[in-house]
Amino acid sequence: MEIRKIGVIGAGQMGAGIAQVAAQAGYDVVLRDLEAAFLERGLNIIRRSLGKLLEKGKLDQSAHEAALGRLTTTVHLADLNDCDLIVEAIVEDEPTKLGLFRELDQTTKPGAILASNTSSIPITRLASATRRPERFIGMHFMNPVPLMELVEVIRGHLTGDATTQAVLEAARRMGKTPVEVNDYPGFVSNRILLPMLNEAVQCVMEGVATPEAIDQVMKLGMNHPMGPLTLADFIGLDTCLSIMEVLHRGLGDDKYRPSPLLRKMVQAGLLGRKSGRGFYRYDEKGNKIG
Ligand code: CAA
Ligand code: NAD
């Protein structure tokens, strides 16, 4: 199962990062979003990241140009028809993902592997929207994709060995270390990470400490590179809430109940770094203000 061309759907922070590392690894990449403006925003994320790598000497000028040269963008799903692997990175919403996979299954070549970068939704359930569950898999990159080494690889109930091997190999070629896990809500990464972030939000709500103090405790006391509220803002509070809802519903235990403050902030449009305001405020480049 040779992978040459990769389609990435969703040009947000994750899709842009995945498209970037795939192009850096030498794959032809086509990145798809719903509107030209979203694609331009994704391309800007990629240009900024490649620029930083170039500045630091982690990439030379020719590799920088070659990576950008291997990348095309489109708003048409049909432009992904000849891809060998398609990685979906759209919003963390099950009905939206199911609709997209149903459509992809009709339009892409029968041999193509369909992968989801979902943070939490069971892969077996997403695969059931297609007639190719043996070629369906979870390929969960971490944020920020160009810097984080892990790819969590999740086999659905019917995922085939050849699909798993092909995806493990592609992840390694992108410079990542894949770790295989089984299909449960939130997998390993977010079953452990998100309850911690949710608890930090609950501490704000109960007045245990300010967001700054909570973040400092976890940075200085536990050596975390980012405090939990900075990290929640970085992931996106809408995505954090969706993940908590999947854990709560899927595992049926109230210990996964989303914090009411998290829910309220999402309802108010405070989504974190991507909307300019969450627990902290951000400028248009995503840098913290104040
Ligand atoms: N591309 C290229 N280079 C980048 C970059 C990017 N996207 N982002 C930052 N950099 C570079 C910076 O330019 C900087 O370079 P120098 O050292 O030369 O200055 C370097 O990386 C470090 O960046 P910063 O100084 O800005 O910040 P930092 O030291 O805090 O490191 C970090 C940044 C690697 C993101 C670090 O803060 C970190 O590891 N944070 C935790 C991230 C994390 O937990 N990710 C997982 C989220 S959960 C998830 O992904 C799963 C899910 O489903 C929700
Ligand atoms: P985001 O909000 O930054 O981007 C989502 C993008 O998908 C947007 O550009 C949107 O226009 C686009 N989109 C929505 N529906 C679409 C469709 N039908 N076709 C094409 N594009 C569509 O979100 P994100 O943070 O990049 O997250 C994307 C996925 O990756 C989610 O499933 C999320 O759970 C997962 N994930 C997120 C993180 C994180 O830290 N943010 C980490 C790992 C995995």
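## A tour from ligand 1 through the sheet

Start at ligand 1: one of its oxygen atoms lies 2.8 Å from a polar side-chain atom of Asn190. A polar contact here is a pair of N or O atoms within 3.5 Å; within protein, one must be able to donate a hydrogen and the other to accept it, and residues adjacent in sequence count only if both atoms are side-chain atoms.

Before going on, note that the model is predicted: local features need pLDDT of at least 70, side-chain atom pairs count only at pLDDT 80 or more, and totals for chains, interfaces and linings use all residues. Residues are numbered from 1 along each chain as its sequence is written, chains are lettered from A and ligands numbered from 1 in the order in which they are written, and side-chain values use heavy atoms, with hydrogens and water left out.

**Stop 1: ligand 1**

Select the surroundings of ligand 1. There are 18 residues, and the closest are Ser49, Lys56, Ser119, His140 and Asn143. A residue counts as near if one of its heavy atoms lies within 4 Å. Now show His140. An N or O atom in the His140 side chain is 2.7 Å from an oxygen atom of ligand 1. Move to Asn143. Its backbone offers a polar atom 2.7 Å from a nitrogen atom of ligand 1.

**Stop 2: ligand 2**

Keep Asn143 on screen. A polar atom of the Asn143 side chain lies 3.0 Å from an oxygen atom of ligand 2. Select around ligand 2 next. Of its 23 surrounding residues, Asp33, Glu92, Lys97, Ser119 and Ile235 come nearest. Ser119 is also listed among the closest residues to ligand 1. Add Arg32: a polar side-chain atom there is 3.1 Å from a nitrogen atom of ligand 2. Add Ile90: a backbone N or O atom lies 3.1 Å from an oxygen atom of ligand 2.

**Stop 3: strand S6**

Go back to His140 and select strand S6, residues 136-141. Six of its six residues are buried, so S6 is largely enclosed by the rest of the structure. Buried means under 20% relative accessible area, exposed over 50%, partly exposed in between (1.4 Å probe, protein chains only). Strands (E, at least two residues) and helices (H or I, at least four) are DSSP runs, numbered from the N terminus.

Which residues cover each face of S6? Phe136, Gly138 and His140 are buried on one side, and Ile137, Met139 and Phe141 on the other.

Now show the neighbours. Strands pair if DSSP finds at least two bridges between them. S5 (residues 113-116) runs parallel to S6 over three bridges. Look for Leu114 opposite Phe136. S7 (residues 150-155) is antiparallel to S6, with five bridges. There, Ile154 is the bridge partner of Gly138.

**Stop 4: the whole sheet**

Color all eight strands. The sheet is open, its pairing is mixed, and the order is S3-S2-S1-S4-S5-S6-S7-S8. S3 (71-74) and S8 (177-181) stand at the edges with a single partner strand each, so one side of each has no neighbour in the sheet. On average, neighbouring strands are turned by 25° against each other, direction ignored.

Bring in the helices. H1 (residues 13-24) lies across S1 (5-9), S2 (28-32), S3, S4 and S6, and runs at about 170° to S2. H6 (residues 161-173) packs on the sheet, touching S4, S5, S6, S7 and S8, at about 20° to S6. Axes are lines fitted to C-alpha atoms, for helices over the stretch in contact; angles run from 0 to 180 degrees between N-to-C directions.

**Stop 5: Leu85**

Select Leu85 in strand S4. Leu85 is buried, at 0% relative accessible area. S4 (residues 85-88) pairs with S5 in the parallel sense over four bridges, and Ile113 is the partner of Leu85. Beyond neighbours within four places in sequence, Leu85 is in contact (heavy atoms within 4.5 Å) with residues including Ile3, Gly7, Ala115, Met139 and Val167.

**Stop 6: Thr130**

Jump to the loop between H5 (123-127) and S6, where Thr130 is found. Buried or exposed? Thr130 counts as buried, at 9% relative accessibility. Its side chain reaches the backbone nitrogen of Arg132 at 3.2 Å. Leaving aside neighbours within four places in sequence, Thr130 is in contact with Phe101, Asp105, Leu114 and Phe136.

**Stop 7: helix H10**

Finish on H10, residues 237-251. Buried residues here include Leu237, Cys240, Leu241, Met244 and Leu247. Among what covers them are H7 (189-205), H9 (228-235) and H11 (260-267). Just past H10, Gly252 has a positive phi of about 65°.
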